[in-house]
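Colleague: Got a minute to walk me through this one? I'd like to start with the ligand and then wander about a bit.

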Amino acid sequence: MSVILSWDTWRLLLAGTVVTVELTASLLAVGLVLGVLVALGQAYGPRPLAALCSSYERFFRAMPILVLLIVLNYGLAFLASTYELLWLRLPAFAVAVLAFGLHSSAYQSQIFRGAIRAIKPGQLLAARALGMTRWQAIRYIVLPQALRLAIPGWSNEYSGVLKDTSFVFAIGVTELTRQGWQIMQRTREVFLIFITVALIYLVLTYLGTWLLEWVERRWGVPGLTGQRQEEYGRVI
Amino acid sequence: MSSNIVVRVEDLHKRYGNEEILKGVSFTVRQGEALAIIGPSGTGKSTLLRCINRLTEPDRGRIFLEDTEITSPHVDINKIRQQIGFVFQDFNLFAHLTALDNVRLGLMKVKGFSKKEATERAMHELARVGLAEKAHAYPAQLSGGQQQRVSIARALAMDPKVMLFDEPTSALDPELIGEVLQVMQELAEEGMTMIVVTHEMGFARSVCDEVIFMEKGVIVEQGPPEQVFLNPQQPRTRQFLGKISELYGGAR
Ligand SMILES: Nc1ncnc2c1ncn2[C@@H]1O[C@H](COP(=O)(O)OP(=O)(O)OP(=O)(O)O)[C@@H](O)[C@H]1O
Ligand SMILES: [Mg+2]
């Protein structure tokens, strides 16, 4: 048993890491856009739309991600071949982004909804009193504040989905965990591979969290976002 | 056409559920006039003020801004609201924006000013309320009195035909009330048309041209401040003023 991984092994693990990062970034982006729309629908939409958004959110939160992946993968393939809808014949990676994106959007909508609730409602009245439309008030008052307030929640969501992405092996996408698993099968270097994969996840989690903290500070507003809570934390 | 009437309210009614909050309120405000509305808590003063820019929809009655009936369903309410400044009890500044951006936002997004024009206008208004040097402070970095002055500047920047104030000093510590009243007094002296809901009897008496005493959704008494404060015609007005002076130690 060697203590140093071969260049070939590294190459494969890095390729897996790239897939994991791409998948995580894409699913978070899809989930963000859908999640924000769902949360806005819940908070400001007319009754029927709000109800629809709530059902959407409950449904996708209830679905185990593995089930969602498999159903979507075979479902889309089935529709594509039965109705000859060629555009539905998506590559496995795209199906994965879609399934994870839908799943994450349900969670992200709740993060965002909490953030919307934390905004003092009088500000919307003030915006309307200036002559802004409802949409302008949401666009210029609610969104900028809610997006900032949501960052700690996203940090959490990021570290969660990062590891969940390993489920994509079920539809034939090879990411970091799968890559490691295949190398283990081949080389029998179980311990070393295991440690390396775990360390890569650790680094990814750390980098992502650090990036979000940087964004939070960069766009921070005194009195609105987590201004060095730690400093006060030490006082009390 | 009655030339210099800025706001006319006719037989305004509003109910919430079974409770009738406004039971037929009518009055007019002339160009350059400062009208004070006083009365006990829960009487419908805020409801009345919010009906005037339709933040609350009245059930019945008509409201005119100059010659435009703003209660008409055909009116573009966002166009009307630009012309009516509203100052809230708890300021309602936009928490993520600096004082300057709070004042600039409406100019840019509602009135379509360029950034340069909006900045000039906003700085002018901030200077007017004595806060030019706080332009880059966020609301959380300002005292309550300063926040309220920014919110007055924000409303003034839109160049309103009338300013509505809903208890603008009620959320302030006593030592901060003066600076806000000072700004309002200057506005009144410059000839701004204003409707002020207030518990500051001293202000109503010395600055305003007309006073309305309201109770339980109706106007009980109306007249110039000397009459309402020194020689009230209605026993209810006398009772209320007596209670207020007990609470606040007389008209300040
Ligand atoms: N959105 C609402 N839904 C139901 N009831 C309401 C609503 N807004 C106000 N009310 C009720 O209407 C009545 C009048 O309220 P309003 O705020 O106009 O009184 P006010 O004279 O401004 O009192 P205050 O001096 O305490 O501000 C109160 O009884 C209040 O509970
Ligand atoms: Mg009130």
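**Ligand first, then the chains**

Modeller: Sure. In this predicted model, an oxygen atom of ligand 1 sits 3.1 Å from a polar backbone atom of Thr43(B). Lys45(B) also offers a polar backbone atom, 2.8 Å from an oxygen atom of the ligand. With Ser41(B) the contact goes through the side chain: one of its polar atoms is 2.5 Å from a ligand 1 oxygen.

Colleague: And how much of ligand 1 does the protein bury?

Modeller: The protein buries 59% of the 640 Å² that ligand 1 exposes when taken alone.

Colleague: Which residues are around ligand 1?

Modeller: There's a run from Pro40(B) through Ser41(B), Gly42(B), Thr43(B), Gly44(B), Lys45(B) and Ser46(B) to Thr47(B). Tyr16(B), Ile21(B), Glu167(B) and His199(B) are in the shell too.

Colleague: How do those shell residues divide into nonpolar, polar and charged?

Modeller: 7 are polar, 3 are nonpolar and 2 are charged.

Colleague: Which element gives the largest share of that shell?

Modeller: Helix α1 of chain B, residues 45–52, with 3 residues.

Colleague: OK, let's stay in chain B but leave the ligand. Is Ile37(B) buried or exposed?

Modeller: Buried. Its relative accessible area is 1%, and under 20% counts as buried, so Ile37(B) goes in that class.

Colleague: Where in chain B is Ile37(B), and what does Ile37(B) touch?

Modeller: Ile37(B) belongs to strand β3, which covers residues 34–38. Leaving out residues up to four places away in sequence, Ile37(B) touches Lys45(B) and Leu48(B), then Ile195(B), Val196(B), Val197(B) and Thr198(B), and also Ile212(B) and Met214(B). You've met Lys45(B) already, as one of the residues around ligand 1.

Colleague: How far is Ile37(B) from Phe165(B) in space?

Modeller: Their C-alpha atoms are 9.9 Å apart, although their positions lie 128 residues apart along the chain.

Colleague: What about Asp11(B), where is that found?

Modeller: In strand β1 of chain B, residues 5–16. Asp11(B) has a relative accessible area of 36%; that is between the 20% and 50% limits, so Asp11(B) is partly exposed.

Colleague: Which residues does Asp11(B) touch?

Modeller: Not counting residues up to four places away in sequence, the list is Gly24(B), Val25(B), Ser26(B), Arg60(B) and Gly61(B). Ile63(B) is 52 residues away in sequence from Asp11(B), and their C-alpha atoms are 8.9 Å apart.

Colleague: Any backbone oddities I should look at?

Modeller: Try Glu66(B). Its phi is near 50°, a positive value in a residue other than glycine. Glu66(B) lies in the loop that joins β4 (60–65) to β5 (68–69), and at 30% relative accessibility it is partly exposed.

Colleague: And in chain A, what is phi of Arg188(A) near?

Modeller: Near 65°, again a positive value in a residue that isn't glycine. Arg188(A) is in the loop between α8 (176–187) and α9 (190–218) of chain A. With 68% relative accessibility, Arg188(A) counts as exposed, because the cut-off for exposed is over 50%.

Colleague: While we're on chain A, how many helices and strands are there?

Modeller: 10 helices and 0 strands. The C-alpha trace spans about 70 × 60 × 25 Å along its principal axes.

Colleague: What share of the residues in chain A is buried?

Modeller: 44% of its 236 residues. On the outside, chain A exposes about 13,200 Å², with carbon and sulfur atoms supplying 67% of that.

Colleague: And in the contacts of chain A with a separation of 6 or more, how much comes from residues 24 or more positions apart?

Modeller: 78% of them.

Colleague: Give me a buried example from chain A.

Modeller: Ser104(A), in helix α4 (residues 92–117). Its relative accessibility is 1%, so Ser104(A) counts as buried. Aside from neighbours within four places in sequence, Ser104(A) is in contact with Leu27(A), Leu28(A), Gly31(A), Glu157(A) and Val161(A). Gly122(A) is 18 residues from Ser104(A) along the chain, and their C-alpha atoms are separated by 31 Å.

Colleague: Last one: what ipTM and pTM does the model score?

Modeller: ipTM is 0.92 and pTM is 0.90. For chain B, the mean pLDDT is 94, and 97% of the residues reach 70 or more. Where pLDDT is low, don't read the predicted coordinates in detail.

Notes
Residues are numbered from 1 along each chain as its sequence is written. Chains are lettered from A and ligands numbered from 1 in the order in which they are written. This is a predicted model: local features need pLDDT of at least 70, side-chain atom pairs count only at pLDDT 80 or more; totals for chains, interfaces and linings use all residues. Side-chain values use heavy atoms; hydrogens and water are left out. A residue is near a molecule or strand if one of its heavy atoms lies within 4 Å of it. A polar contact is a pair of N or O atoms within 3.5 Å; within protein, one must be able to donate a hydrogen and the other to accept it, and residues adjacent in sequence count only if both atoms are side-chain atoms. Accessible areas come from the Shrake-Rupley method with a 1.4 Å probe; for residues, only the protein chains shown count as cover. Helices (H or I, at least four residues) and strands (E, at least two) are DSSP runs, numbered from the N terminus. Ala, Val, Leu, Ile, Met, Phe, Trp, Tyr, Cys and Pro count as nonpolar, Asp, Glu, Lys and Arg as charged, and the others, Gly among them, as polar. Buried means under 20% relative accessible area, exposed over 50%, partly exposed in between (1.4 Å probe, protein chains only). Contact means heavy atoms within 4.5 Å. pLDDT is the predictor's confidence in each residue, from 0 to 100.
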